[in-house]
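Dear colleague,

Please find below the structure that I am handing over to you. My notes on it follow directly after.

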Amino acid sequence: MILCGRRFVTSFVVLYPRSLQFHSTTKCYLNRFLFDPSEVVSNATTDGEEQPSRKVILPKEDYRTIHASKILGLHNGDTIRAGLVTEEVWTDSATIQWLPEGKVNKAEPLPKSGNPPGSLQIDLHNLQPSLDTTDDLRVSLLLALPRPLQLGRMLPMIAQLGVEHLILCGAQKVPKDYFGSHLFREPHSLQNKLIEGLCQAGDVRLPQVQLQKNLRRFLASSEFESLFPREDYVRVLAHPQRDDDNAATVSRITSLQFPPDRPKRILLAVGPEGGWEEPVELDRFHQHGFQQVTLGKRVLR
């Protein structure tokens, strides 16, 4: 089941409810302001422009407006980095303009509180497509489904790290009720977690997220072979080294050999909190061409 991805994601608006529009205990740092195309307004072309100019008007209560005012202290004409997520376009030369509301006359953050004076207009200049060549190593992650609370914390980090494809799978030590998480019932919540990470990383490319409850069936399927062909991907299994492991079958990740004359792509399988079941699941991965790598004998969180 596809939850979200570059080709499969549906249009969404990243507008949180009023109670969730900014963090009360932590600061939400944005290294790139990200928008959904549905938030964009296109103006008519003017002389000398090849494409219509595009702008976004954010309401006063939007978390991005609050960030621009209270954290960045932006003034009219200041430049920010921005992007459109589902279109995968970005710019480093977007400009902002404050639109005062109510009794506020000055188009600048309020002097004492730093609160926004009104709505925020962002003009998106010089939008260009995102290039997939920025990362030397393309990583896909096969992750045994963690606890829902832990998954919510991990999703922004996964997006920050530039994971291209995330497969959340079952395992013998994964309780079945984890698949009832609200993140799967409300895909926009999952997408917002990923976008939080993209804002931090300055990227506009959403990872493709896929849910596979039956790991054994997925590894044996033609879908798995077509998604991660052996001639293109190095399949890697992360698991602690045991005393009785054959040293020839367990290696460090730095010693992996990638197919020559091809982009470096890796599929990394990471187990649940209790680890992959030994030896059943480990043998199953080995049968499907996974190389076991380790950071040593210590069990890490």
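**Helix H1**

Helix H1 (residues 63-71) is mostly covered, with seven of its nine residues buried. The model is a predicted one, and the remarks in this message should be read accordingly. The buried residues of H1 are Tyr63, Arg64, Thr65, Ile66, His67, Ala68 and Ser69. They pack against four strands, namely S2 (33-35), S4 (54-58), S6 (89-100) and S7 (118-124). At the start of the helix, Asp62 brings a side-chain oxygen to within 2.8 Å of the backbone nitrogen of Arg64. After H1 comes Gly73, which has a positive phi near 60 degrees.

**Helix H2**

Helix H2 comprises the 13 residues 148-160. At 1.5 Å a residue it should span 18 Å, and the C-alpha atoms at its ends are 19 Å apart, which agrees. The helix nevertheless has a kink of about 30 degrees at Met154, shortly before the proline Pro156.

Which residues of H2 are buried? They are Leu151, Gly152, Leu155, Pro156, Ile158 and Ala159. In an α-helix there are 3.6 residues a turn, so residues three or four places apart point the same way. The packing partners of the buried residues of H2 are strand S9 (137-144), strand S10 (165-169), helix H3 (182-185) and helix H4 (187-201). Just after H2, Gly162 adopts a positive phi of about 85 degrees.

**Aromatic residues**

A search of the whole structure returned six aromatic pairs. In one of them, Phe224 and Phe228 have ring centres 5.7 Å apart and ring planes at 55 degrees, so the pair is tilted. Phe228 also pairs with Tyr233: the centres of these rings lie 5.2 Å apart and the planes stand at 90 degrees, so this pair is edge-to-face. Phe224 counts as buried because its relative accessibility is 0%. Phe228, at 1% relative accessibility, likewise counts as buried, and Tyr233 is buried too.

Ring pairs join these residues into a wider cluster made up of Phe218, Phe224, Phe228, Tyr233, Trp276, Phe285 and Phe290. Of these, Phe285 is found in helix H7 (residues 280-287) and is buried, with a relative accessible area of 0%. Leaving aside neighbours within four places in sequence, Phe285 is in contact with Leu142, Leu215, Leu219, Leu237, Ala269, Trp276 and Phe290. The C-alpha atoms of Phe285 and Arg235 are separated by 9.0 Å, although the two residues are 50 residues apart along the chain.

**Strand S12**

Strand S12 (residues 234-238) is mostly covered, four of its five residues being buried. Which strands does S12 pair with? Strand S14 (residues 264-270) runs parallel to S12 and is joined to it by five bridges. Strand S15 (residues 291-293) also pairs with S12 in the parallel sense, over three bridges. Ala238 takes part in both pairings: its bridge partner in S14 is Val270, and its bridge partner in S15 is Val293.

Two of the contacts of Phe285 listed above bear on this part of the structure, namely Leu237 and Ala269. Leu237 falls within the residue range of S12 (234-238), and Ala269 falls within that of S14 (264-270).

With kind regards

Terms used: Residues numbered from 1 in each chain as written. Predicted model: local features only at pLDDT ≥ 70, side-chain atom pairs only at ≥ 80, totals over all residues. Heavy atoms only, no water. Helix = DSSP H or I, 4+ residues; strand = E, 2+ residues; numbered from the N terminus. Expected span 1.5 Å × (residues − 1). Bend = angle between axes of the 7 residues up to and from the residue. Buried < 20%, exposed > 50% of the residue type's maximum accessible area, 1.4 Å probe, protein only. Contact = heavy atoms within 4.5 Å. Phe/Tyr/Trp six-rings, centres within 6.5 Å; stacked < 30°, edge-to-face > 60°. Polar contact = N/O pair within 3.5 Å; in protein donor to acceptor, adjacent residues only side chain to side chain. Pairing = 2+ DSSP bridges.
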